[in-house]
Amino acid sequence: MIRLLIADDDFDILEGLHSTVNWSSVGVTSVVTARNGKEALEVMRKTPADIVITDVRMPGIDGVELSRLLIETYPDCQVIILSGYSDFKYAQAAMEYGVKRYLVKPVVIRELLEAVLKCTLYVTRKAEFRTLMPTAGPGETSGTKARLAREIKAYILENYDRNIDVTFLSEKFNRTPNYISHVFSKMCGESLIEFLNRVRVENAKQLLLESDNTLLSIASAVGYNDERYFIRIFKRQTGVTPTQFRNEYY
């Protein structure tokens with residue numbers, strides 16, 4: 001689940017961003033708002049957000065100070081700064097604190113969604129890597145299986161662009177294909193192929209946004225040898241074709 005917090009002292013802008021933008025299209029599952037920096041911090045203390053969009057100019061705690069406090073307290077939080085042309089120096093100050101994304105007002109919704117999508121991809125990857133940390137102590141019956149599942153996940157996350165299948169993994173980890181499939185599904189809650197396709201599609205999304213490479217090139221870059229198969233998997237996971245996805249957010 002990806003939680004988004006929007007902080008802006010302009011009620012019309014705040015309500016517009018909250019109510020009219022299709023946040024679910026970029027993976028956001030929950031949206032909350034705050035009228036100023038102080039209120040944003042209070043919201044974060046109760047239920048931390050994964051992504052924060054903040055106006056640079058707000059009374060009391062402004063967007064720059066809010067960004068500094070957020071990044072110090074919640075290092076994984078992704079902050080997007082909104083600023084006017086005249087406030088660029090404030091945006092620069094925020095970037096010194098670790099903010100990597102800022103947009104100039106008036107905001108183009110397509111550009112905002114693209115920025116949020118990049119943040120959700122980052123948050124998703126961080127969450128995937130956290131699952132690789134040990135969850136079962138020595139001597140527990142599920143320990144060996146959990147470790148195997150984590151090792152397989154780690155390998156896929158680093159090598160999704162290779163020609164990976166159950167047979168290949170069974171040889172690499174010295175287990176039968178049936179055992180590999182069973183352990184991964186039981187420990188991870190999804191099949192090995194589902195996870196592999198999900199990782200590939202998430203990386204394909206980023207390539208679609210950050211390059212003008214052909215679909216064949218992108219398919220190959222994330223591990224698919226067949227462009228048509230790539231398109232079919234992409235649409236199954238996102239509801240749109242790669243071309244439609246690129247046209248909507250590029």
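1. Let's start with the largest nonpolar core of this predicted model. The core holds 53 residues, and the members that touch the most others are Trp23, Ile80, Val116 and Ile152. These four make good places to begin if you want to look around this core on screen. As general background, nonpolar side chains in soluble globular proteins tend to be buried together.

2. Which residues does Ile152 touch, once those up to four places away in sequence are set aside? The partners are Leu169, Phe173, Ile180, Phe184 and Leu192. Apart from the core of 53 residues lies another one, with 23 residues; Leu5, Ala7, Val43 and Ala49 are among them.

3. Now to Thr54, which sits in strand 3, a run that covers residues 51–55. Is Thr54 buried or exposed? Thr54 has a relative accessible area of 0%, and a residue counts as buried under 20%, so Thr54 is buried. Leaving out neighbours within four places in sequence, Thr54 is in contact with Ala7, Gly63, Leu66, Ser67, Val79, Ile80, Ile81 and Leu82. Two of these names have come up already: Ile80 is a member of the largest nonpolar core, while Ala7 belongs to the core of 23 residues.

4. The largest pocket deserves a look too. Its volume is about 550 Å³. Of the 25 residues that line this pocket, Val26, Gly27, Thr124, Glu202 and Lys205 are the closest to its centre. Two or more lining residues come from each of helix 5 (109–130), helix 9 (192–210), helix 11 (227–238) and helix 12 (242–249).

5. Which element gives the most to the lining of the largest pocket? That is helix 5, with 8 residues. Sorted by class, the lining has 10 nonpolar residues, 8 polar ones and 7 charged ones.

6. Finally, a few words on the whole chain. The protein chain has 12 helices and 5 strands. Its C-alpha atoms fill a box of roughly 60 × 45 × 30 Å along the principal axes. Of the 250 residues in the chain, 43% are buried.

7. How are contacts spread along the sequence? Taking contacts between residues at least 6 apart in sequence, 63% join residues at least 24 apart. As for the surface, the chain exposes about 13000 Å², and carbon and sulfur atoms supply 50% of that area.

Definitions and conventions. Residues numbered from 1 in each chain as written. Predicted model: local features only at pLDDT ≥ 70, side-chain atom pairs only at ≥ 80, totals over all residues. Heavy atoms only, no water. Core = buried A, V, L, I, M, F, W, Y, C linked by side-chain atoms within 4.5 Å. Buried < 20%, exposed > 50% of the residue type's maximum accessible area, 1.4 Å probe, protein only. Contact = heavy atoms within 4.5 Å. 1 Å grid on protein atoms, 1.4 Å probe; cavity = no way out; pocket = protein on both sides within 12 Å on 5 of 7 lines; lining within 4 Å. Points joined across faces, edges and corners; volume = space filled by probe spheres on them. Helix = DSSP H or I, 4+ residues; strand = E, 2+ residues; numbered from the N terminus. Nonpolar A, V, L, I, M, F, W, Y, C, P; charged D, E, K, R; others polar. Areas by Shrake-Rupley, 256 points an atom, 1.4 Å probe, with all protein chains shown as cover.
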